[in-house]
Amino acid sequence: MKFTLSWLKEHLDTDASLEEIVERLTMIGLEVEEVTNRADRLKPFKIAKVLEAEQHPNADRLRVLKVDTGQGEPVQIVCGAPNARAGLVGVLGKPGDHIPGLDITLSVGKIRDVESFGMMCSERELELSDEHDGIIDLPEDAPVGVNFAKWAGLDEPVIEIGLTPNRPDCTGVYGIARDLAAAGLGKLKERSHEQIRGNYPCPVSVSLDFGDTRPMCKAFGLRMVKGIKNGPSPKWLQDRLTAIGLRPINILVDITNYLTFDQGRPLHVFDADKVHGNLVVRRGRAGEGIDGLNGKSYELDDTVCVIADDNGIESLGGILGGEPSGCTEDTVNVLIESALWEEDDIAATGRKLGVNTDARYRFERGVDPDYMMPGLEYATRLVLDLCGGEPSETTQAGRVPDSSNIIDFPYSEIRRLSGVEVSQAEANLTLKSLGFWISGSGDTVKVAAPSWRPDIEGKADLVEEVVRILGLDRVPLTPLPRTGTVGQKVLTTGQIRRNRTRRALATRGFNEAVTWSFISKPQAELFGGGNAALELANPISPEMSDMRPSLLPGLLSAAQRNADRGFGDVALFEVGQVFQDDTPEGQKMVAAGVRRGTAKLQGASRHWSGSSTGVDVYDAKADAEAALAAIGAPVEKLQVHTDAPGTFHPGRSGCLKLGPKNALAVFGEIHPRTLADLDLEGPLVAFEIYLDALPQPKTKGGRSKGALNASHLMPVRRDFAFLVGKDVKAEVLLKAARGAEKTLIADVTLFDIYVGQGVPDDQKSVAIDVLLQPRQKTLTDEEIDAVAKKIIANVEKATGGTLRG
């Protein structure tokens, strides 16, 4: 929200300095973000007069000017503006001056062999407006040699405040002045509530037609003014709008913009001669569209509120006017509209159509309902004063809702909630200065919130109003009590796991990345997502249309972008959320990593001792196991399965499971088809760890570590080779061998798979190494043989294989 100091003082009678006003605004919760003064950047520019204008000898569209600067001899300027002429009074930029609109610094130069000592400036070049068809043309009596900004009244500060969504009352300068007056920084000048007498009934009626559906408009006021004369706005109005960054258009449009920022009351003006029949406020229909005043076209449906006549759509209700009924300099008769719209519908429509306007900004926050008709009267008065004309009577559809809100307010709440000691008289004076009504006496009174404060709901809000106006510096400093002991663990299990995962992967040479939670629909479908529930209603771009089902698309793309810039050997990881559906249970926490090129654990790129090989499936498996070990997963009990997702290479990937169903991680090389679909270049390996799938740790009775279970007896190793079918998975055989004698078998390792001579065509030879670790005594040959028989029996039962002879 921007406004000038003089604009503020039109509503606030105060002698306070700019510094005092800025400080008080921040103290009462209207934080000042910036204070600018256009005079600072326009300081070098002076008013100058063209004495002579002759045709350039070498260019048909250029003129050579002799310009009186008011400071010595005239200077020569080469100018191409069509309105450059003798006698013109304009604004001169001299060598060394910076032109803000062009972002250049002037110097002496030659234009078609004629020297030019500066330039005559246009409004766009000085960032005064978008006008650039000619140089600035000032009145003949403008004083030559005087600073242009000071003469034009542009030497006043512009204040910009950051508003929170709960303060719609301060979207107008009048509301800001009211808060400052309540804070003791001056006296509020009451605004006029003059009612304009209509000379005839309004010939255009308005109706709200929403049928059986929920109304999107609460009330609608309308009035005609005929016989007006539109044109450029007076200088005071143009300067006011220009100062806050708005471009003056014509009187009618400028009046609506002025009231939007002055009173926080957006309005709209129709060219009455372009409106056919009566106005109807209704829902849009499929197939309808509108050409907006912003030069863009929009397709509508029944979720959008529109204003229509017999010819079709004339306006997007509360957001944007339509080009067909827009006002021009030829407009003679106008319809002035002031309405109340449903806040949620305004916000939804604006987001859906991508329209951001000053009207939407205010209506979606909630404007003062009781000022709907007074705002219409104020707009009528400005139209009559600046354009003339004859007003009609007002007509209204709908009903202004009752905004009254009576709150029982115990004064003791101020002390209880804020710690500030405030007398009843002081609290009453503060609330009344903000527009609140107080009834009753004693320790508890009834307080009515004003219509322009929809954010006031209960007594805590009243306490906040009193404290912010009196000053937050009155809140006493109260130290927190010291606790006698160190607090218990404050991080959740999930937070601890995420931190340990990050640390483990960082120690293995990974760099952490943060990628978008949104990916394109083809990428989402490639990684198992793409369902309609996870499509964004208003995506940033087509490449960010769906919530990600995996972290890998973002990491793989990031690795490729690094490679495209010459950094092909990268290792990236990310810890974040993925989305399987739109339920809370479908939102999972995952850790993922990718390695590219030669980015192996022992180092990347070429070396004198030998070139590094490319990353492979074993690098990804080692990364996944290291991260799982860091978060407490029983890595020694994990089984490797081959059912990795289709985005991985089918023969060079795996899935780490705890039991037959609980998958903790997937790893492997990326499938060549996936590389092609994502336009990636390999080699690329990746892994993904499902942090939520790991069982919660068991609660321990104390902090002491368990006893070291190390045997002093020598272990025994035995090798077994089995003939099994080619379709038998190795993990089935390993699991059967481990389960033969759990008290003695410490580890089972697969060390050979053979297919060829001596082995039937439909079978393969699988060799395993079994480690037996006795705990009580040294094993005898008979005990070792007994365990071996159990291993053979278990494997034969589980796989149907036989011991190879």
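This passage describes selected strands, a surface patch and a helix of a predicted model.

Strand β37 comprises residues 662-670, and 7 of these 9 residues are buried; the strand is therefore largely enclosed by the rest of the structure. Strand β37 pairs with strand β36 (residues 648-658) through 7 bridges, and the two run antiparallel. Within this pairing, cysteine 655 has valine 666 of β37 as its bridge partner. The connection between β36 and β37 is a hairpin with 3 residues between the strands. In the turn of this hairpin, glycine 659 adopts a positive phi of about 95°. Strand β37 is also joined to strand β38 (residues 684-690), in this case by 5 bridges, and the pairing is again antiparallel. Here glycine 668 is matched with alanine 686, its bridge partner in β38.

A further element of the model is an open sheet of 5 strands, arranged in the order β15-β18-β21-β22-β23. The pairing in this sheet is mixed. Strands β15 (206-208) and β23 (320-321) occupy the edges, and each has a single partner strand, so that one side of each is left without a neighbour in the sheet. For β15, pairing with strand β18 (residues 279-283) is parallel and extends over 3 bridges. The bridge partner of leucine 208 is valine 281, which lies in β18. In general, the strands of a sheet pair through backbone hydrogen bonds, in either a parallel or an antiparallel sense.

On the surface, Leu750, Ile753 and Val755 make a nonpolar patch of about 240 Å². Leucine 750 is located in strand β40, which covers residues 745-754. The relative accessibility of leucine 750 is 32%. Because buried residues lie under 20% and exposed residues over 50%, leucine 750 counts as partly exposed.

Helix α20 spans residues 781-799. At 1.5 Å a residue, its 19 residues should span 27 Å, and the end C-alpha atoms are 27 Å apart, in agreement with that expectation. The buried residues in α20 are Ile784, Val787, Ala788, Ile791, Ile792, Val795 and Thr799. When the helix is seen down its axis, these buried residues fall within an arc of 140°, and they therefore line one face of α20. The face turned away from this buried side carries Glu782, Lys789 and Lys797, which are exposed.

How values were computed. Residues numbered from 1 in each chain as written. Predicted model: local features only at pLDDT ≥ 70, side-chain atom pairs only at ≥ 80, totals over all residues. Heavy atoms only, no water. Buried < 20%, exposed > 50% of the residue type's maximum accessible area, 1.4 Å probe, protein only. Helix = DSSP H or I, 4+ residues; strand = E, 2+ residues; numbered from the N terminus. Pairing = 2+ DSSP bridges. Patch = residues over 30% accessible without salt bridge, like charges linked within 9 Å, V, L, I, M, F, W, Y side chains within 5 Å. Areas by Shrake-Rupley, 256 points an atom, 1.4 Å probe, with all protein chains shown as cover. Salt bridge = Lys/Arg side-chain N within 4 Å of Asp/Glu carboxyl O. Expected span 1.5 Å × (residues − 1). Arc of directions from axis to C-beta.
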